[in-house]
Every structure is written in structure tokens, then in C-alpha cells.
Amino acid sequence: MIPLRAPQGVRYTQQIDRSQQVLPQLRSRAPQSVSHVAGSRRAVSRRSVRAFAWGTPKTTGPAPGEVLGKDYDQKIPSYNKGRRAGILLHPTSLPGPYGIGDIGDEAKRFVDWLADHGMQCWQLLPLVPPDPMYYSPYSGTDANCGNPLVVSIEELIKDGLLEFSETPPRVPIADVDYPAVAAAKLPLLKRAAQRLLKEDRFTRLREEYLKYRKEHPWVEDSALFDVARNLPELSQLAWWQWPEPLRLRQKEALKEFRETNKDAIDEFVVIQYFFEKQWKAIRSYANGKGIKLIGDMPIYVGGHSADVWANRHLFELNEAGLPEQVSGVPPDAFSATGQLWGSPLYKWPAHKKEGFKWWTARMARTLELYDECRIDHFRGFAGYWSVDANETTAMNGNWRQGPGLELFTAMKKALGAVPILAEDLGVITTDVVALREAIGAPGMVVLQFAWGGGPGNVHLPHNHYENCFVYPGTHDNETAVGWFRGSANDTDKSYIKSYLRTDGGDIAWDFIRACMAAVPRTCVIMMQDVMRLDNTARMNTPGTAAGNWRWRMGDGNVWNSLKKEGEDLRKVAHDTNRLPKPKA
């Protein structure tokens, strides 16, 4: 086993985990035969000695019958297993005056709400720049950059980079209108960037920006790509349709492009610095309140992205730069026709040849921003679904071998402990479980999936395991209320009412209480379920491209209106041993 991380507060030592190694071995093996030799001495085989080594008599310590110390009955084992709870909420869903949540004061108010009510983690969706058509954070234009739309205008005003009189009109709280938000915010971000670059009064911020740029060399390709894709003559084209010199990244063409577009390139990097500065402040604030940030890394990157354009040798592309096989998953609980993501597949032999350095750098960047990282579609590292690029659904495809343990061994060698959460939902085969267990990563169980298939369903609480995250539902699910009212059939409802001893009248909190009481070490709850909302608050419907990622939780008064739910969360966390432990 290669333990990529220890549970919080636990330092790895060379020891046997008896609950996971010795006892299963004994249960699965019949006692070894015992032979008798002269003098009636027993000769026990080597295998028997190993199997029963736990029973070998002690050679040190008190002898039977000796008086023990007066403090003997004070040596009580600790049952603090690091249990915790948290909330799943994307920053775009936070309150905010300009049509979208951001990473300013409202993010801090959310952190305060978490800390006040005994929560210990905040899980987010990817914070990368989303694709410009459907604004999915799982199909971004750059794996390392931040989403400029969540940069706080108010924080830029505090820095003196903008004036309050320049702010856009305030927008009533409603679902995010991404094109409208982009039209209102991006010109202001560019104006603030130009001021930082040109005005003498921002010398300190300019020095910070230059330091950020020097320490993050990948941002140069990110800037080139973003500026190119937004040029009027290229904005309707994918990178594989660009003029050949730029498409093929010819050295002289890139040099000329940098010189011609220097101002726009610098502007892009400054805006990324704004994101970095503001997000690092949120992380520091959250950590200071005892809140861990759990980021989200999509296994694939978008085809029209800086990542593929700058590293095409690492992806399965034809001479024109197009994939002949693309990513997806076969039919599952989310979609009867599967999910056709359309992202290019990795050329894993090329990654291995380079020692997986691209992946290691990607993970290193992720851990700059978050304390832990959920890897979306973890199962693709064991075996991944490959679909012909001409298919219109993901129903027809082939399973192909992933990189397996080699990838994670390379990451651990380069980075040390890598706190990964493995999203292992969907079609999960034995090799996926073996890989997750080999790296010591927690998996996921979702209560909404528990009610079909009988009592052997892994998502039922009595089948859960400790090294795991449990959710009532995730961002890909309906809300608990919406599911119970709509998709749940009569058999599901009957089983739920019997199993949870409920009439279903408060199903969201029935699910919350069941998850908090379950054995997994971490329980994460969608804010929509805390708020008892129906499917009008759904974040994403897998298999559909349009209309997702838009939900907003309310205006700035929402934190006061959620005091009762917060108090109830704290009470349940207390009753299920998920409150933070007092500092020694």
C-alpha cells in the first residue's frame, strides 16, 4: 500500500493496521495443520506463526498477578476518528450584487457561518475558467487558471484599483446570467489591470503581480491562448482551426504574437493575479477558522483549452489536432444513454515517458489553492471509456486501460502527501476499488443512490466504510426534496420510510441526519438540501449541456435566515461526534 496521506492529525509510522490486515487474513484462511513430533512438542508451520503472531506472549511488562500502577484505569483509548462535516457550495452561488457570487466578503461570511455551526470543510466545484458556451466548470479553457468572473469587484475597490462610481448596476438575486455577468465585469477587471500596470501608486501590487508571474510560468501559455481565442478573427474558431503558425506553436509565430499583443497578455496575467490574491485570502481566512477547502479536479480538460494546445503530444489527437476518440461514460444511474463529454483522451504512454510531470504539476497547482482535492471520475485512472468522436451518445464505446498506480506513485515521489478524494461513482469495477485502496484515498457514497438493489447496496448506511465521504446528494443529483417528490418510485419511498423511520415529510433533513450518523469520516451536504429546496435549485443535470451551473442561494440576508438550520446542523454534528475537537 502506498499511503498518499494520513488522516488529519495522524503521523504515519511503521505499524500494522490490525483491523485491516491481520484480522481479514485470519477470517479468510483456515487454521494451518499442526504436526506432532517426539516429546509431544508442536511444530507449527511458518505460515501459522505469521498468521497467529498477534497471540505471541509478551516478553516485557508486568507478569500475571502483579499490581498495576495507580493510573492504570486512566489509560482510556481515544475514539476520536477525525469525524467532520461540511457543505458543498460553489462560489458562483453565493450572494452578491452583480449577478454572480464571488470570492470577496460574502465568501468570508459563508466561512463564518460554517465555523459558527460546527462545520469543518467547504467543498467547491472547479474554479477554472468555464467553457464560454455553457459555462461548465468541468470543461474549462485552462486547468490551472482561476475563473475571472468570481473575482470580487469590492475587493478591487478596497485595493484602490476601481472606484465605487465605476461599479456596474446592482442585479436582483436570480440565477446566474453568465453572458450578462461577463459583459458587466470583464471590462472592469481589465480597467483595474491597466491601472495596476501603469500607475505609480500601485508599485507594491505590481511587485506582487510580477512575483506571481515569475513563480507560475504556466500562465504564459494560458495568456497566449486566452488572448488568441478572444481575437475577433479567431473568436469563432477552435485552436485547431487557427492559422498554421499559431496552431502549431511555431517559435517565430509565438514571438511575434507576444510582441503584437503584449498589453492584452499582461492584462490577462494581472487578472489571474487578482484571482490568486483574493482566493489565497479566502483560504487563509477559512483555515484560520478551522475550515478546510476541498477543491475539485476534473480528470479531463476541454479540447479547446490552453492545456491541449500547449501540450498536444500528451493527448490522442490526429494530425489536424482533432481527437478520433473522446471521453465519456456508458449508461449509468445519471443517464440512460451515458454521458458523452467529448474531451480528448490522454496519450498515457507519452505521460509515462515524461514521468507524469504534467499531472504532477497540475496536482501541485491544485494544492496551492486547496487543502484537499476531489478528483472527478477517478475510475478513469483504472479503466476509461473511449467513444468514437462521431458518435452522438456514449452508449457505444470501449473500456481501455488507465495508468493505474504508476501515476500516483510519481505524484507521491514528487509532492509527498497528496490528499485526494476519489469520486468513484457510476460503473465501479474491482480494479477501481483496488487502486483507491492502494493509495489510501477515501471514496464516495451517496444516500440518494441507496434505495434500489436491496440491502446489499453500497450506498446504504449499514454498508458504508470509514475512509469515505458520504453525501445526501451531490451537485450532479436532484435535490433531496426534488428527488423524493419526482424521481423516487413507490418502492423507494416505502424502503426509505421503513429504513429511516420517517414519513418523508422532511426528507432533506432525514437524509442529512442519516448521513451525519453514518460511519464515514466525512459528511458533506449540499446547501440546497440544508435549505430544503426543490429541483428549481438543481445545480447540474448530467447529459444536458444548457441551463446548468446557475443556481444562487439568495441575497446577503440569507445568513440570518439560515441561523435555525445552522443551529440544527451543529446539534446533529454534536450528536454524531462531528464537531471540531477543542484545541489542546
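## A tour from the sheet edge to an enclosed helix

Begin by selecting strands S12 (residues 443-446) and S13 (residues 468-471), which pair in the parallel sense over four bridges in this predicted model. To find one point of registration between them, pick out Val445, whose bridge partner in S13 is Val470.

Stay with S12 and colour its residues by burial: Gly443 and Val445 on one side are buried, as are Met444 and Val446 on the other, and both faces of the strand are thus covered. The pattern can be read against a general rule, namely that in a regular strand the side chains alternate between the two faces of the sheet.

Now widen the selection to the whole sheet, which is open, has eight strands with parallel pairing, and runs in the order S11-S8-S5-S4-S3-S14-S13-S12. Its edge strands are S11 (420-422) and S12, each of which pairs on one side only. Looking across the sheet, follow the twist, which averages 25° from one strand to the next.

Move next to the S11 edge and select strand S8 (residues 372-376), which pairs with S11 in the parallel sense over three bridges; here Cys373 has Ile420 of S11 as its bridge partner.

With the sheet still displayed, add two helices that pack on it. Helix H3 (residues 105-116) touches strands S3 (84-88) and S4 (121-123), and its direction makes about 135° with that of S4. Helix H18 (residues 507-517) touches S3, S13 and S14 (522-526), and its direction makes about 165° with that of S14.

For a helix-helix contact, select H13 (residues 357-369) and H14 (residues 405-415), whose axes come within 9 Å and cross at roughly 55°. That angle makes H13 oblique to H14, and the crossing is right-handed. Show side chains for the residues that make the contact, which are Trp359, Thr360, Met363 and Ala364 of H13 together with Leu407, Ala410, Met411, Ala414 and Leu415 of H14. Sorted by class, this contact has eight nonpolar residues, one polar residue and no charged residues.

Finish at helix H7 (residues 219-229), where nine of the 11 residues are buried, so that the helix is largely enclosed by the rest of the structure. Select the buried residues, which are Val219, Ser222, Ala223, Leu224, Phe225, Asp226, Val227, Ala228 and Arg229; Asp226 and Arg229 are thus among the buried residues of H7. Then bring back the surroundings: what covers these residues includes helices H6 (203-215), H8 (244-247), H9 (251-260), H10 (262-288) and H11 (306-310).

Conventions. Residues numbered from 1 in each chain as written. Predicted model: local features only at pLDDT ≥ 70, side-chain atom pairs only at ≥ 80, totals over all residues. Heavy atoms only, no water. Axes fitted to C-alpha atoms, helices over the stretch in contact; angles between N-to-C directions. Parallel < 35°, antiparallel > 145°, perpendicular 65-115°, else oblique. Left-handed = near helix turned anticlockwise from the far one by under 90°. Contact = heavy atoms within 4.5 Å. Nonpolar A, V, L, I, M, F, W, Y, C, P; charged D, E, K, R; others polar. Buried < 20%, exposed > 50% of the residue type's maximum accessible area, 1.4 Å probe, protein only. Pairing = 2+ DSSP bridges.
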